[in-house]
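Biologist: Could you take me on a close tour of the spot where the ligand is held? I'd like to hear what surrounds it and how the pieces fit together.

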Amino acid sequence: MRRAVCPGSFDPVTNGHVDVITRAAALYDELVVAVLVNPGKAGLFPVEERMELLREAVTELPNVTVDSFSGLLVDYCRDRDIPVIVKGLRAVSDFEYELQMAQMNRELAGIETLFVPTAPQVGHLSSSLVKQIATFGGDVSRLVPKAVHDRLAEHARRSGR
Ligand SMILES: Nc1ncnc2c1ncn2[C@@H]1O[C@H](COP(=O)(O)OP(=O)(O)OP(=O)(O)O)[C@@H](O)[C@H]1O
Ligand SMILES: [Mg+2]
């Protein structure tokens, strides 16, 4: 059984994430999408809501499950017998940080990292940018799954924009 994990904040999930998850799901028997719980950083959506939105986004991928983790990703991987981390790469700016993390995770626990190059249609997407646009009433309907779009619109309405 080949297993891998796609970690991230997913605050919220974007079409860029969905692209990486979909492609990773085709390469492994089981793929876990793991939301990082970061007590020092609240984010826009609570972790439970991020997971719910992710589950909705991957309903058509039967070998994908959604989970959360705190602490070191390598400990999460070791506890669950997951030998591979899959990461999306957008630009050189992603690469520098991700290379260092990949090297460290391999040194710490022998966990390998597989990089999936971004699809050009979503290479400019990040959760932060999507949130910024939505906050100011911009149209993000083509950048995120429908359920995410609806929640972002709700947030924008509540904050009075
Ligand atoms: N558009 C995209 N194309 C390819 N990979 C992506 C894309 N967006 C995110 N990823 C990858 O998804 C993983 C999780 O990233 P993360 O949760 O930080 O998303 P993000 O969009 O970068 O959010 P933030 O803006 O909050 O950093 C990372 O491996 C990241 O490189
Ligand atoms: Mg990021």
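Modeller: Ligand 1 sits in the largest pocket. Keep in mind that this is a predicted model, so treat the distances below as values computed from it. That pocket has a volume of about 1200 Å³. Its lining takes in 48 residues, and Pro7, Gly8, Ser9, Lys87 and Glu98 are the ones closest to its centre. Plenty of elements chip in: β1, α1, α2 (47-57), α3 (73-79), β4, α4 (92-109), β5 (112-117) and α5 each give two or more residues to the lining. The biggest giver there is α4, with seven residues. As for chemistry, the lining divides into 24 nonpolar, 15 polar and nine charged residues.

Now zoom in on the ligand itself. The shell around ligand 1 is made of 17 residues, with Ser9, Gly88, Val122, Ser127 and Ser128 the closest. Four elements supply at least two shell residues each, namely β1 (3-8), α1 (15-25), β4 (84-89) and α5 (127-135). In this shell α1 gives the most, with three residues, whereas for the pocket lining that role goes to α4. Sorted by type, the shell holds five nonpolar, nine polar and three charged residues.

Next, the polar contacts. Serine 9 comes in through its backbone: one of its polar backbone atoms is 2.8 Å from an oxygen atom of ligand 1. Phenylalanine 10 uses its backbone too, with an N or O atom 3.1 Å from an oxygen atom of the ligand. Histidine 17 reaches in with its side chain instead, placing an N or O atom 2.8 Å from a ligand oxygen atom. Taken on its own, ligand 1 has 600 Å² of accessible area, and the protein covers 86% of that.

Phenylalanine 10 deserves a second look. This residue lies in the loop between β1 and α1, and its phi is positive, about 50°, even though it is not a glycine. Proline 12 is found in that loop between β1 and α1 as well, and a cis peptide bond joins it to aspartate 11, with omega about 0°. Why flag these two? Because most residues other than glycine have a negative phi, and most peptide bonds are trans. So if you're clicking through the model, the loop between β1 and α1 is a good place to pause: phenylalanine 10 sits there, and a backbone N or O atom of that residue lies 3.1 Å from an oxygen atom of ligand 1.

Note on methods: Residues are numbered from 1 along each chain as its sequence is written. Chains are lettered from A and ligands numbered from 1 in the order in which they are written. This is a predicted model: local features need pLDDT of at least 70, side-chain atom pairs count only at pLDDT 80 or more; totals for chains, interfaces and linings use all residues. Side-chain values use heavy atoms; hydrogens and water are left out. A residue is near a molecule or strand if one of its heavy atoms lies within 4 Å of it. A polar contact is a pair of N or O atoms within 3.5 Å; within protein, one must be able to donate a hydrogen and the other to accept it, and residues adjacent in sequence count only if both atoms are side-chain atoms. Accessible areas come from the Shrake-Rupley method with a 1.4 Å probe; for residues, only the protein chains shown count as cover. On a 1 Å grid over the protein atoms alone, a cavity is a set of points where a 1.4 Å probe fits but cannot get out, and a pocket is an open set with protein on both sides within 12 Å along at least five of seven lines; lining residues have an atom within 4 Å of a point. A molecule sits in a cavity or pocket if more than half of its atoms lie within 2 Å of its grid points. Ala, Val, Leu, Ile, Met, Phe, Trp, Tyr, Cys and Pro count as nonpolar, Asp, Glu, Lys and Arg as charged, and the others, Gly among them, as polar. Grid points are joined across faces, edges and corners, and a volume is the space filled by probe spheres set on the points.
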